[in-house]
Amino acid sequence: MELIFKKYHTRDDDTELNYLIFDPSMNSGQLTKELRQSISCRNFGQNYARLLMGPIWKDKKMTARVFTSDGDEIPYDDTDLQVLRSCMSHGKSCGTVYLFC
């Protein structure tokens, strides 16, 4: 199974974060907790603070699911949606990562 992710790096005055973005419309595979944990394993090579799954459209509103590098789901915030919008509109600023499972 091939999974396609986008990788996005953001930095502001206080923090620096790496995001891995999983677009369900570009992937047919399921993003299980075990898969999320294996992707973040240091031997696998994908270093990220948050994994965003989206965009997910509900009632014409964009949402996302957000996971930590431990594979646990956390509530998304405005920064997460901003990263997702930025990656969607400026695809050049996102790198593409192909993972074969």
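In this predicted model, Lys 33 pairs up with Asp 72 in a salt bridge, with 2.8 Å between the closest N and O atoms. Lys 33 sits in helix α1 (residues 33–40), while Asp 72 belongs to the loop between β4 (61–68) and β5 (73–74), so this contact ties together parts of the chain that are 39 residues apart in sequence. Neither end is tucked away below the 20% cut-off for buried residues: Lys 33 has a relative accessible area of 36%, which makes it partly exposed, and Asp 72, at 35%, is partly exposed too.

That pair is one of four salt bridges in the structure. Another brings together the side chains of Arg 50 and Asp 77, at 3.6 Å from N to O. Here, too, distant parts of the chain get linked: Arg 50 is in strand β3 (residues 50–58) and Asp 77 in the loop between β5 and α2 (78–89), 27 residues apart. Arg 50 comes out at 22% relative accessibility, and because buried means under 20%, it counts as partly exposed. Asp 77 is partly exposed as well, at 31%.

Then there's Arg 65 with Glu 73, whose side chains meet at 2.8 Å, N to O. Both are partly exposed, Arg 65 at 34% relative accessibility and Glu 73 at 44%. Elsewhere, salt bridges with shared partners join Arg 50, Asp 77 and Asp 80 into one network.

Here are three of the pairs side by side:

| Salt bridge | N to O distance | Relative accessibility |
|---|---|---|
| Lys 33 – Asp 72 | 2.8 Å | Lys 33 36%, Asp 72 35% |
| Arg 50 – Asp 77 | 3.6 Å | Arg 50 22%, Asp 77 31% |
| Arg 65 – Glu 73 | 2.8 Å | Arg 65 34%, Glu 73 44% |

Now for the fold around these pairs. The protein has two helices and six strands, and reading along the sequence gives the pattern β-β-α-β-β-β-α-β. The link from helix α1 to the loop between β4 and β5 and the one from β3 to the loop between β5 and α2 can both be traced on that pattern.

Long-range pairing shows up in the contact statistics too. Take the contacts between residues at least 6 apart in sequence: 55% of them join residues at least 24 apart.

As for the surface, 40% of the 101 residues count as buried. The accessible surface adds up to about 6400 Å², and carbon and sulfur atoms account for 47% of it.

Technical notes:
Residues are numbered from 1 along each chain as its sequence is written. This is a predicted model: local features need pLDDT of at least 70, side-chain atom pairs count only at pLDDT 80 or more; totals for chains, interfaces and linings use all residues. Side-chain values use heavy atoms; hydrogens and water are left out. Helices (H or I, at least four residues) and strands (E, at least two) are DSSP runs, numbered from the N terminus. Buried means under 20% relative accessible area, exposed over 50%, partly exposed in between (1.4 Å probe, protein chains only). Contact means heavy atoms within 4.5 Å. Accessible areas come from the Shrake-Rupley method with a 1.4 Å probe; for residues, only the protein chains shown count as cover.
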